[in-house]
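Student: I would like a close look at a single part of this structure, taken slowly and in connected steps. Please begin with one residue and work outwards from there.

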Amino acid sequence: MIKRICRQLGFLRNSKYETQYLNDTNIRTSIYMSVVIIALEIWMLIRYVDKRPGLTFMEYFDGWTNYLILLSSAVIILCFGIRHKIHEHDLHRKRCIPGLVTGLIFFILDILLFARFIHVRKDKMNFGDLLDASKYLLLLSALILAYLAFELLFYKKPQRSAAIYGQFLNVIFAVICLGFGCETSISDVSKERQILCFVTMVIYAACLLIWKPYVSFIILSASFLYFYHDWEPIMKANESPYAQKILEANQINFFTFWIALLMVCISIYQQRLMEAKKDENLTKAHSIMKKLAVEDELTGLSNMHQFAQDAELIMLESPANRIYLFINVDNFKNFNDKYGYQAGNEFLKTTANIIKNGFPGDPVARQSDDHFAVLTTTDNLEEKIRNIRKQVTSLHQDIYVDLKVGSYIPNMNLSESTVLTSTPSGSTIELRAAGKVIDPHIAIDRARFACGLIKNKFDKHYMEYDEKVDKDFHKRQYIVNNIDNAVSNGYIKVYYQPVVWSDTHTLCSCEALARWIDPEYGFLSPGDFIPVLEEYRLIDKLDKCIWEMVCRDIRHIMDAGLKPIPVSLNISRLDFELMDTPSVMENLVQKYNIDKKNIHVEITESALANDMGELQSSLSRLKNDGFSMWLDDFGSGYSSLNVLKDYNFDVLKIDMKFLSSFEKNDKSKVILNTIVELATHLGMFSLTEGVETGDEADFLNQIGCGRLQGYYFGKPMPLEDIISKIKDGTYVIKRLE
Ligand code: C2E
Ligand code: CA
Ligand code: CA
C-alpha cells in the first residue's frame, strides 16, 4: 500500500523505459514550447520597438534584455530538442557539434548583453536592480552551462547522458519560464495590469511538461509562493478599495488555482506513465517476437532463417575459404532416454555454446533437434572440430555422446542444379540464379547428407561432401522428386525371386522385390531407393504400387488358366503410419479377386523394435484377415528373441548373414540349427535366405529348415522369366504354400 502511494506520488524509480518515454515526451513538448516562446519573444521585441519609436538600436537593445534572455533559452532548448529528435537512433559524436556551437554563441551573446546592461546603467544602478537583472542571467547561464556540459559529456559517452540531461534542461527551462512569468507579472501588477503572464507561464511549465507529482508540487508551490510574496506587498500598498478586494479574492483563487493545477499535473503524469507502460509492454512483446523470428528459443543461437541471411551476406562479401558445416550430436537420442528431456535440453544448450565458442565470429545456428549449422573457413578446421568434439565428449563420461560433422565447400563446379528455395534479397536471388551464391539451406542440406553417410561408422567423425557424395546426393534428390513419376510411368517393376521347398527344391512361392528401371539413371536397386523413400516418408507410394502389380500378376496368371503362385510382399513399418495398410491390402485382394492365402506379408525384425503396440495390433489385424505373416531378416538385429515372444508369425525368414560364413565357421551351422529348432518349437515354419550353394541347401534340408531362397535357386527376375522357367521345367511345381 505504502509502496503504491509512493509510486503514485512519483517517489519510486520508474523503469528505464518509462523514464525514457517521459523524457522523450518532454523533449517533444519542449520543442513546441520553445517555438511558441521564440515567436512570442520576437513579437515582444517588435512591440517594444513599436511602442517606443525613435530610439537608437542600442537603446532598444538595452530594453530588450529580458526578452532576449528568454529568447536565448528557447533557442537553446529548441536546438537541443531538435538535435535529440533527429539523431535519436544515430547518436554520433559529430552530431553534437552544431548544438555545441549554438550554445556557445548564445552564451557569449548573453554575457555581452549582460555586460552591456551593467555598463549602460552603472551610474544609476543599485544592488536591487543588479539582483533583478542577474536573476535571468543566472538561470540562463545555468541552462547554457548545463547544455555545454551535456554536449561535452555526450561527446565522450554518446549513449549515456541523454535522459538525465534532457530532464535537467527541462527543469531549468521551466524555471526560466516561471521566473519570467513572475517577474513580468509583478512588473505588470505594479503598473495595474493583469497577471496573465504568470498564469500562462505556470500552465506552460507545469502542465505541458511532465513532472513526477512531488516535483510538480515543489515547482508549483515555489512559484506561487514566490509570486505571492512579491505580489502581496504591491497590492497592499495600493490604497484603492478595488485593489484590497482583489487581494482578498485572489488569496482564495490562488489556492484553488494551485490545487487545480497540481491535480491536472498529477493526472497528466499518471496518464503518461500508463501510456509508457503500455508502450513498454508492446515494445517488449515486439522484441520477443522479433527475437523468436531470428533466434532458436532453446539455445539462443540463430535460427536457420537468420543463419541463411548472415551466410549469404558473408558469401557475397568474403567467400574465400568458406565451408559449411552440419554438426550432429551422435547418440543424443539415447542420452535423452537415459537422462530425460530436461537434461537433454541442458546438454543441447551447453553443446550450442561449445560450438558457438569453437567458431568465434562465424554464423552458428541450430537447425533442428540436435543438429547445428555453421559457416566458417577452412583455416585450422580440423583443429577446431577436434576441439569442440573433445569438449562435448567430456561432458558426460558415463554415456557415449560425440559429434559427427559433415561439410560442404560452396563450389559451383559440383552441380548445376541449384534449387532456389528461400527468397531473401533480390540481389542474392539474381546471384544465385547466376550460380554465384548457393542457397545456404541447400549448402547445409549437402553437409547434412555427407554427415549422414558416417552415421553408423564409429571410427569416422568428419565427412566432406565431394564429387562422389554429390552424385549420390543428386540420385537421392532425383528419387524423392521422381517417385510419383516413376510409379505413374511404369518405371517401377516387380521382380520375383523363387522360394523352394528344401526337400524337393520344387517351387513353393516367390518374393516380390521392387526394381526401378529409370530412363535417366538406368537400373536402380532397392538399396538405392528404399532407405531414401523411407527417410522422406514416401515409401507407401512404392509399396502400394508393388502390391497392386503383384495382385494384378496373380490375377493374370489365374486368368491364363495357371495355378497362382503365392507371393510374399515386403512391408515397411512406415506403411502402417502412412496408410491404413490392412484396408489397402483387403481392397486389393477384393479388387483382383484373389485368395488371401496367396499373399504373404513380410515385415523385417528391425521394424518391430520400439513398437508401442500400434504395430502389433495392425499385424494381428492382417493375420486375422487371413494373410500369412512372415518375419523377415530374423537375427539381423538385437531384438530377435523379444519379437518372437511378442508377435505371432507363421514363417521365420532367417537372415542371410548366417550363411555368409557357412564354409569357414562351424558356429553358424550350430546357430542355424538352433534357430530352426526354436522356430519349430514356437510353431513356425522356417525359411533361410541367401542360399548360394548346394552344400548350404543340403545342410538346411538336414536340419529341417523347410524353405529356401537364394541365388542358388534363382535371382529375382521378371514375371515372364518365372513363367517361362516353369514352362521349360526349370522350376517344378508340386505343392505350393
Ligand atoms: P529382403 O526382403 O531381405 O530381400 C532379400 C534381398 O536379398 C533381395 O535384395 C535379394 O535380391 C537378395 N538376395 C536374395 N538371394 C540372395 C543371395 O543368394 N545372395 C545375395 N547376396 N543376395 C540375395 P534386393 O532385391 O536388393 O532387396 C533389398 C531389400 O529391399 C529387401 O530385403 C527388402 O527389405 C527391400 N525391398 C525390396 N523390395 C521392396 C518393396 O517392394 N517394398 C519394401 N518396403 N521393401 C523392399
Ligand atoms: Ca523380404
Ligand atoms: Ca530378408
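Student: In which loop is Asn593 found?

Tutor: Asn593 is found in the loop between α21 (581-591) and β10. Before going further, keep in mind that this is a predicted model.

The backbone at Asn593 deserves a look. Its phi is near 55 degrees, a positive value in a residue other than glycine. This positive phi comes just after α21. Asn593 counts as exposed because its relative accessibility is 57%, and exposed means over 50%. Another residue can be set beside it: Arg537 also has a phi near 55 degrees, again positive in a residue other than glycine. Arg537 sits in the loop between α18 (526-535) and α19. With a relative accessible area of 42%, Arg537 is partly exposed.

Now step back from the loop into the helix before it. The buried residues of α21 are Thr581, Pro582, Val584, Met585, Glu586, Leu588 and Val589. What covers them includes α19, β9, α20 (573-578), β10 and α22. Several of these elements return below, and α22 is a convenient one to take up next.

Helix α22 covers residues 614-625, and Ser618 has its place there. Ser618 counts as buried, at 17% relative accessibility. Leaving aside neighbours within four places in sequence, Ser618 is in contact with Phe576 and Pro582. Pro582 is one of the buried residues of α21. Leu619 is, with Phe649, one of the residues with the most contacts inside the largest nonpolar core, which has 80 residues. If neighbours within four places in sequence are again left aside, Leu619 touches Phe576, Ile603, Leu608, Met629, Tyr647 and Phe649. Phe576 is thus a contact of Ser618 and also of Leu619. As a general point, nonpolar side chains in soluble globular proteins tend to be buried together.

Helix α19 (residues 539-559) gives the most to this core, with ten residues. Apart from this core lies another, of 62 residues, with Tyr60, Leu113, Ile186 and Phe198 among them.

Helix α19 also has a helical partner. Helix α17 (residues 467-488) packs with α19 at an angle of about 10 degrees, the axes being 10 Å apart. The angle makes α17 roughly parallel to α19, because angles under 35 degrees count as such. On the α17 side the contact is made by Ile483, Asp484 and Val487, and on the α19 side by Lys541, Leu542 and Cys545. These residues divide into four nonpolar, no polar and two charged.

Next come the strands that help cover α21, β9 and β10, since they lead to the metal ions. The calcium ion (ligand 2) is coordinated by Glu511 (OE), Asn570 (OD1), Glu602 (OE) and Asp632 (OD), at 2.1 to 2.3 Å. In sequence these donor residues follow the spacing E-x58-N-x31-E-x29-D. Distant parts of the chain are linked here: Asn570 lies in strand β9 (residues 567-571) and Glu602 in strand β10 (residues 599-604), 32 residues apart. The two differ in accessibility, for Asn570 counts as partly exposed at 24%, whereas Glu602 is buried, with a relative accessible area of 1%.

A further calcium ion, ligand 3, lies 4.0 Å from ligand 2, and Asp632 coordinates both. Asp632 is buried, with a relative accessible area of 4%. The protein donors of the calcium ion (ligand 3) are Asp632 (OD), Asp633 (OD), Glu689 (OE) and Glu689 (OE), lying 2.1 to 2.5 Å from the ion. Glu689 therefore appears twice in that list. The donor residues of ligand 3 are spaced D-D-x55-E in sequence. Asp633 is partly exposed, with a relative accessible area of 21%.

To retrace the path: Asn593 lies in the loop between α21 and β10, β10 is among the elements that cover the buried residues of α21, and Glu602 of β10 is one of the residues that coordinate the calcium ion (ligand 2).

Terms used:
Residues are numbered from 1 along each chain as its sequence is written. Chains are lettered from A and ligands numbered from 1 in the order in which they are written. This is a predicted model: local features need pLDDT of at least 70, side-chain atom pairs count only at pLDDT 80 or more; totals for chains, interfaces and linings use all residues. Side-chain values use heavy atoms; hydrogens and water are left out. Donors are N, O and S atoms within 2.8 Å of the metal (3.2 Å for Na, K and Ca); water is not among the atoms, so sites may look incomplete. Buried means under 20% relative accessible area, exposed over 50%, partly exposed in between (1.4 Å probe, protein chains only). Helices (H or I, at least four residues) and strands (E, at least two) are DSSP runs, numbered from the N terminus. A nonpolar core is a set of buried Ala, Val, Leu, Ile, Met, Phe, Trp, Tyr and Cys residues joined through side-chain atoms within 4.5 Å. Contact means heavy atoms within 4.5 Å. Axes are lines fitted to C-alpha atoms, for helices over the stretch in contact, and angles run from 0 to 180 degrees between N-to-C directions. Angles under 35 degrees count as roughly parallel, over 145 as roughly antiparallel, 65 to 115 as roughly perpendicular and the rest as oblique. Ala, Val, Leu, Ile, Met, Phe, Trp, Tyr, Cys and Pro count as nonpolar, Asp, Glu, Lys and Arg as charged, and the others, Gly among them, as polar.
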